[in-house]
Amino acid sequence: MGGKALANIRFVWTCWKLNLASAMEYRLSFLLLAGMMFVNNTIWLFFWGLFFNRFPIVQGWELHDVMMLWAVSTGGFGWAAMLFGNFSRIAGIVATGQLDVQLSQPRPVLLSVLVSRCSVTAAGDLLFGVAVYLMVGDTSLRGLLLFGLALLISGAMFIAVMVLAGCSAFWIGHAEGMTQQLFQSFIALTTYPSDIFRGVVRLALFSLVPAGFISYMPIGLLRDFDPLFAAGAVGMACGLTAAAALLFRQGLRRYASGNAIAMRS
């Protein structure tokens with residue numbers, strides 16, 4: 001069992017190295033794409049700054065909290081998309097029969113799919129999140145550990161939610177449009193303070209579409225540490241991850257080969 005786990009770790013590490021080498025083959029393009037994403041996120045924070053200049057406090061949130069919200073959201077998405085870049089493309093891969101290559105490999109299929117792609121622009125998101133944290137975050141050891149935990153939870157939720165949504169393609173076929181719409185909506189919801197939502201919408205943000213766990217972390221985890229919220233966020237991330245892996249495994253039983261001939265180096 002230990003030998004199999006070690007082999008999987010070596011496999012993942014090799015994929016990451018190959019993805020990085022592929023991205024760095026066109027270094028100028030890599031830097032431009034990552035830089036454009038960094039600038040795009042900066043512009044959004046600029047508009048938030050204008051808003052809070054007029055309304056200093058909104059439902060207990062200040063500009064500092066929103067900046068940390070963006071640090072957690074973009075940073076979590078950044079590392080997830082860099083290391084497991086196919087998590088938002090599961091539906092298309094399944095619908096077009098592109099799982100054939102992974103099924104022929106002696107490795108966990110879902111893991112193989114996720115690590116076989118790296119998002120270049122996500123480097124800009126990760127760098128942006130770290131830069132904002134270094135600017136306004138708590139850089140003590142405790143603050144660093146909590147920010148690292150927030151990034152892990154955020155990234156894990158991005159991956160799990162999109163894998164769960166992508167698995168719908170096993171049952172309904174072409175679901176790329178639906179999953180991409182969900183993807184964009186989920187990203188948007190993680191960049192708005194959760195306390196501005198009320199009633200049924202807020203309940204949905206912490207259950208059906210668990211973006212609330214990401215958007216509340218600047219308050220419940222980083223500013224005023226709440227053990228119950230922290231435990232709930234970790235539990236939700238772990239639960240979603242387990243559910244995504246289980247649903248993908250169930251979906252594989254319904255998978256129809258695309259009869260595609262492909263070579264993987």
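**Exercise 1. In which kind of crossing, right-handed or left-handed, does α3 pass α8?**

Before solving this, note that the model is predicted, that local features need pLDDT of at least 70 and side-chain atom pairs count only at pLDDT 80 or more, while totals for chains, interfaces and linings use all residues. Residues are numbered from 1 along each chain as its sequence is written, and side-chain values use heavy atoms, with hydrogens and water left out.

Step 1. Find the two helices, helix α3 at residues 63-83 and helix α8 at residues 141-166; helices are DSSP runs of H or I with at least four residues, numbered from the N terminus.

Step 2. Compare their axes, which come within 7 Å and cross at roughly 60°; axes are lines fitted to C-alpha atoms over the stretch in contact, and angles run from 0 to 180 degrees between N-to-C directions.

Step 3. Name the angle: α3 and α8 are therefore oblique to each other, since angles under 35 degrees count as roughly parallel, over 145 as roughly antiparallel, 65 to 115 as roughly perpendicular and the rest as oblique.

Step 4. Decide the handedness: α3 passes α8 in a right-handed crossing, where the near helix is turned clockwise from the far one by less than a right angle, whereas anticlockwise would be left-handed.

Step 5. Look at the residues that meet, among them Met68, Phe77 and Trp79 in α3 and Phe147, Leu151 and Ile159 in α8, with contact meaning heavy atoms within 4.5 Å. The residues of this contact of α3 with α8 divide into 13 nonpolar, five polar and no charged; Ala, Val, Leu, Ile, Met, Phe, Trp, Tyr, Cys and Pro count as nonpolar, Asp, Glu, Lys and Arg as charged, and the others, Gly among them, as polar.

**Exercise 2. Describe how helix α2 packs with helix α7.**

Step 1. Helix α2 covers residues 27-54 and helix α7 covers residues 122-136, and the two pack at an angle of about 45° with their axes 7 Å apart.

Step 2. From the angle, α2 and α7 are therefore oblique to each other, and α2 passes α7 in a right-handed crossing.

Step 3. The residues in contact include Phe30, Met37 and Leu45 in α2, which meet residues of α7 including Asp125, Leu127 and Phe128. The residues of the contact of α2 with α7 divide into ten nonpolar, three polar and one charged.

**Exercise 3. Which residues are linked in a network of salt bridges?**

Step 1. Recall that side chains of opposite charge can pair when their charged atoms come close. A salt bridge is a side-chain nitrogen of Lys or Arg within 4 Å of a carboxyl oxygen of Asp or Glu, and by this rule the count comes to three.

Step 2. Begin with Arg223, which forms a salt bridge with Asp65, the closest N and O atoms being 2.7 Å apart. Arg223 lies in helix α13 (residues 217-223) and Asp65 in helix α3, so the pair ties together parts that are 158 residues apart in sequence.

Step 3. Continue to Asp224, which forms a salt bridge with Arg223, with the closest N and O atoms 3.2 Å apart. Asp65, Arg223 and Asp224 are thus linked in a network.

Step 4. Check accessibility, where buried means under 20% relative accessible area, exposed over 50%, and partly exposed in between (1.4 Å probe, protein chains only). Asp65 is buried at 2%, Arg223 is partly exposed at 38%, and Asp224 is partly exposed at 45%.

How values were computed
A crossing is left-handed if the near helix is turned anticlockwise from the far one by less than a right angle, and right-handed if clockwise.
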